[in-house]
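Good morning, colleagues. Please take a moment with the sequence and the structure before I begin.

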Amino acid sequence: CGTHYIIQNMEGGVVSKYNVFMPSIFSIVATENNTTVQITPSIKTNDGHAGRIPYKITLHQGQIYQVETSSTDAGLGFTGTQIESLNNKKIAVFTGNRMCNVPKSATTGNANNLFEIAYPVSTWGKRFIIQPFKSGYVDMVKVTASKNETKIYKSGKLLTTINALESYEFFANESNLLWRHPSQLRYINT
């Protein structure tokens, strides 16, 4: 649990081959009563909150607040959404997708639901070593930055520079990954 989160998930809102809306989702769980949480969604939510406009909610111990992407933002995800406990009370955050394609360009055989526990920004790292799976269709890495001017290096070579709340995706191979500011890494094999 923590007090500040930046959501990282795959693009959701995908209309599957069954013509069903599949949103990106996040859930917040309070650990104490009277927990005031500020949410700044990266895109419009299904309950009408506009993207990049903060709003507040109050939760009590054990209460859950769940948000899905709006159907008008089909194909987008909540990556870059900020969630902060304003009165320093710990919260847990879960994020994922009802269904998404990995990689996004895949059109067959790769649609799955993806859910995970989000990690507080205070736990994010600067160095990762990855080893691709022996078998699988895709080994993909997604990095989300907590600060501006986050330079992403792969085996000593600069790949790109991203700013706070932005993400960068690339295909993995045996690599030593490094960046200057704490960032979150998601490693997916399909």
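I shall discuss one threonine, then a hairpin, and finally the aromatic pairs. Please bear in mind throughout that this is a predicted model.

Let me begin with Thr95, which lies in strand 9, residues 91-101. Is Thr95 buried or exposed? Its relative accessible area is 1%, and the cut-off for buried is under 20%, so Thr95 counts as buried. What does its side chain reach? There is a polar contact of 3.3 Å between the side chains of Thr95 and Asn9. In addition, the side chain of Thr95 comes to 3.5 Å from the backbone oxygen of Ile25. Leaving aside residues up to four places away in sequence, the residues that Thr95 touches include Ile7, Gln8 and Asn9, then Ile25 and Phe26. Among the others touched by Thr95 are Leu114, Phe115, Glu116, Ala118 and Arg186.

I turn now to the hairpin. Strand 13 comprises residues 150-154, and its side chains alternate. Which of them point to the buried face? Thr150, Ile152 and Lys154 do, and they are buried; Lys151 and Tyr153 point to the other face and are not buried. I would draw your attention to Lys154, a lysine on the buried side. Its bridge partner in strand 14 is Lys157. Strand 13 and strand 14, the latter covering residues 157-162, run antiparallel and are joined by 5 bridges. The hairpin has 2 residues between the strands, and Ser155 adopts a positive phi near 50°.

My last topic is the aromatic residues. How many aromatic pairs does a search of the whole structure find? It finds 3, and I shall describe two of the pairs. For Phe26 and Phe78, the ring centres are 5.0 Å apart and the planes stand at 75°, so this pair is edge-to-face. The pair links distant parts of the chain, with 52 residues separating Phe26, in strand 4, from Phe78, in the loop between strand 7 and strand 8. Phe26 and Phe78 are both buried. Phe26, as you will recall, is also one of the residues touched by Thr95.

The other pair is Tyr55 with Tyr65, likewise edge-to-face, at 6.5 Å centre to centre and with 65° between the planes. Tyr55 belongs to strand 6 and Tyr65 to strand 7, and they are 10 residues apart. Tyr55 is buried, at a relative accessible area of 9%. Tyr65 has a relative accessibility of 17% and therefore also counts as buried.

How values were computed
Residues numbered from 1 in each chain as written. Predicted model: local features only at pLDDT ≥ 70, side-chain atom pairs only at ≥ 80, totals over all residues. Heavy atoms only, no water. Helix = DSSP H or I, 4+ residues; strand = E, 2+ residues; numbered from the N terminus. Buried < 20%, exposed > 50% of the residue type's maximum accessible area, 1.4 Å probe, protein only. Polar contact = N/O pair within 3.5 Å; in protein donor to acceptor, adjacent residues only side chain to side chain. Contact = heavy atoms within 4.5 Å. Pairing = 2+ DSSP bridges. Phe/Tyr/Trp six-rings, centres within 6.5 Å; stacked < 30°, edge-to-face > 60°.
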